[in-house]
There are 2 protein chains.
Amino acid sequence: MAPQKGNLMTFRKDIKVVDATIRDGGLCNNFYFTDEFIRDLYQTNLEAGVDYMEFGYKASKDLFDPAEFGKWKFCHDEDIYDIVGENDTDMKIAVMADVGRTNYKRDIVERSNSPIDLVRVATYINTIPSAIEMIEHCAKMGYETTCNIMAISKARKEDLLEALEMIGQSSANAVYLVDSYGSLYPEEIRVLSEMYMEKMDKYGKQVGIHAHNNQMLAFANTIEACAMGVSMLDATMNGMGRGAGNCMLEQLLGFLKNPNYHMTPVLRFLEKHMDKLREEGVQWGYNSAYLLTGRLNMHPRSAISFTKGKRHDYARFYLDLDQE
Amino acid sequence: MAPQKGNLMTFRKDIKVVDATIRDGGLCNNFYFTDEFIRDLYQTNLEAGVDYMEFGYKASKDLFDPAEFGKWKFCHDEDIYDIVGENDTDMKIAVMADVGRTNYKRDIVERSNSPIDLVRVATYINTIPSAIEMIEHCAKMGYETTCNIMAISKARKEDLLEALEMIGQSSANAVYLVDSYGSLYPEEIRVLSEMYMEKMDKYGKQVGIHAHNNQMLAFANTIEACAMGVSMLDATMNGMGRGAGNCMLEQLLGFLKNPNYHMTPVLRFLEKHMDKLREEGVQWGYNSAYLLTGRLNMHPRSAISFTKGKRHDYARFYLDLDQE
């Protein structure tokens, strides 16, 4: 195993914190955030020293009915401008674009005409060529890009290595290690981080991590990847995100030693907005059902449904999962 | 760093799982468990393959008023016999004895007349000689013993090394790495585990870990210590324990590969008992207040009070903590 990068007393200048609250959190409430929430989130991220704020998806309205989702499912440039103005700050604006769900040739225009700085292209291992096509379009339009390979706990190592090689040769600025099912243990994260780092070092690209909390390991896995040299770190307010949610921004900022990062604005945001969202019935976060899908390396959809149904029959649920 | 012991495909025969639900969980409800709860817990632990079940404290009734606590604060032998009979099983029975709070010469009798197998002596770093005196008494009475050094995140390394040396030379069978404040990160746990292992290997003793979940790292820290060779692993049902609680037994059994361990009985216990305890108002588990005391390496008492008071003003709480 490669030696650790950095230690608990110092900080690494290459680290970038990415707030993905709207994007991953939006999966919990169909992106129905109030404008006040989004404006406060933008202001909080600025004060907290967050490096990138992800606004949501650039989903195609040909595929998704705008009546069924809040506006951050689509992330029109004008909606972002409405929040950030010219965004004359050090914080960059990101969006996510799913392979096959984004009409990028129509909806992703020249960066000089857009508030967006970074397009994160989300793909499964079997659609890497389509992802790279989208990345090349975005790069040509002037954007920073990342390639976020999802569900890697189901991918074969040889496919993953091939995908990393292809991304290495593309215009992508970084590749993300994404533990979609929250099934990876820290020792697996270390091995994967080393694999990603080795490939990307060769091409001078960064590696990022996007962890899920199904086994209560999102924070642990994020800081383990970080220790291995991974430098783009995703987190969300109070971990808001699909199912068991993500690494919590308050945990991550509390861990990082860069004096540019500040935890207190995040705590104020939690007080004002996140506890309220929970009271309103928006659900996310660890429970025993997510532990079970995570342990079985399965998509959390059945655990989400178990949780929504207020079920408590974990043993029966586990038996059913195991027979799937 | 020493190489990892074991891997994710195999299992280590030296690993012992210790259920500490009554003892650490009892701190959440003053040890007022129903007999049905305790009987079901005993049965569940047997079915799950748990190696040691800790019943509670051997606290002195001279110091603690029996009217203020349930019986597992005191763990009379007859109360344990009442649950386990002769305990003609492979699972051993443990109790905890705090230095200075146990009248061990009176209350800890010959093992042959007791249902207890293991006495875990809990001590701070500055009372090691008293702990060893108690350990020697218990060893002479025929018990297995461990020395659980609490709050080590506040201890100086040279004191810790000296303490480990003293315990190494004592009759203790094992020493515990105890993260009382839930403030240690996995990379610190690895360093400490290596230090403990090196000292104890010399004396042929085991090392254990008792983690707390203040920074949501109890499970992560437990499996990291395990990977370094630590072999006595504490966990509790759904993590029930003081403040943010402990490593969850269901997580730990889901992680370990020994076919003797079974998760389903634990899931059934969660359904029947743990969700109910929460509904009745017993509180434990991670929240943002524990993150803050954990991060500041402080005792969780102020976070427990914050939580009980249903406060949400995290930023103010953080400021107050930081000024203490």
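**Where the two chains meet, and what lies inside them**

In this predicted model, helix α13 of chain A (residues 314–323) and helix α10 of chain B (residues 264–279) have axes that come within 7 Å and cross at roughly 145°. Chain A brings Tyr314(A), Ala315(A), Arg316(A) and Tyr318(A) of α13(A) to this contact, while α10(B) answers with Thr264(B), Leu267(B), Arg268(B), Leu270(B), Glu271(B) and Asp275(B). Sorted by character, the residues of this helix pair come out as five nonpolar, one polar and four charged.

Now for the interface as a whole. Chain B puts 41 residues in contact with 41 residues of chain A. Between them, the two chains bury about 3600 Å², and 62% of that is on carbon and sulfur atoms. On the chain B side, Tyr185(B), Glu187(B) and Met216(B) supply 16% of the area that this chain buries against chain A, more than any other three residues. The rule for salt bridges finds two of them across the interface of chain B and chain A. As for salt bridges between named side chains, Glu224(A) and Arg190(B) meet in one, with an N to O distance of 3.0 Å.

Next come some spots within chain A. Helix α1 of chain A (residues 21–29) is mostly covered, with eight of its nine residues buried. The buried ones are Thr21(A), Ile22(A), Arg23(A), Asp24(A), Gly25(A), Gly26(A), Cys28(A) and Asn29(A). Right after α1(A) comes Asn30(A), which has a positive phi, near 50°.

Thr146(A) sits in strand β5 of chain A, which covers residues 144–149. Is Thr146(A) buried or exposed? Thr146(A) counts as buried because its relative accessibility is 1%, below the 20% cut-off. Leaving aside residues up to four places away in sequence, Thr146(A) touches Leu118(A), Val119(A), Arg120(A), Val121(A), Ile135(A), Ala174(A), Tyr176(A) and Met232(A).

Finally, the cysteines. How many disulfides are there over all chains? The count comes to zero. Take Cys28(B), which is in no disulfide: the nearest cysteine sulfur belongs to Cys247(B) and is 15 Å away. Why is there no bond for Cys147(B)? The closest cysteine sulfur, in Cys138(B), is 11 Å from that of Cys147(B), which is too far for a bond, since a disulfide needs the two sulfur atoms within 2.5 Å. Cys147(B) is also buried, with a relative accessible area of 0%.

How values were computed. Residues numbered from 1 in each chain as written. Chains lettered and ligands numbered in written order. Predicted model: local features only at pLDDT ≥ 70, side-chain atom pairs only at ≥ 80, totals over all residues. Heavy atoms only, no water. Buried < 20%, exposed > 50% of the residue type's maximum accessible area, 1.4 Å probe, protein only. Axes fitted to C-alpha atoms, helices over the stretch in contact; angles between N-to-C directions. Helix = DSSP H or I, 4+ residues; strand = E, 2+ residues; numbered from the N terminus. Contact = heavy atoms within 4.5 Å. Nonpolar A, V, L, I, M, F, W, Y, C, P; charged D, E, K, R; others polar. Buried area = accessible area lost by both parts, 1.4 Å probe. Salt bridge = Lys/Arg side-chain N within 4 Å of Asp/Glu carboxyl O.
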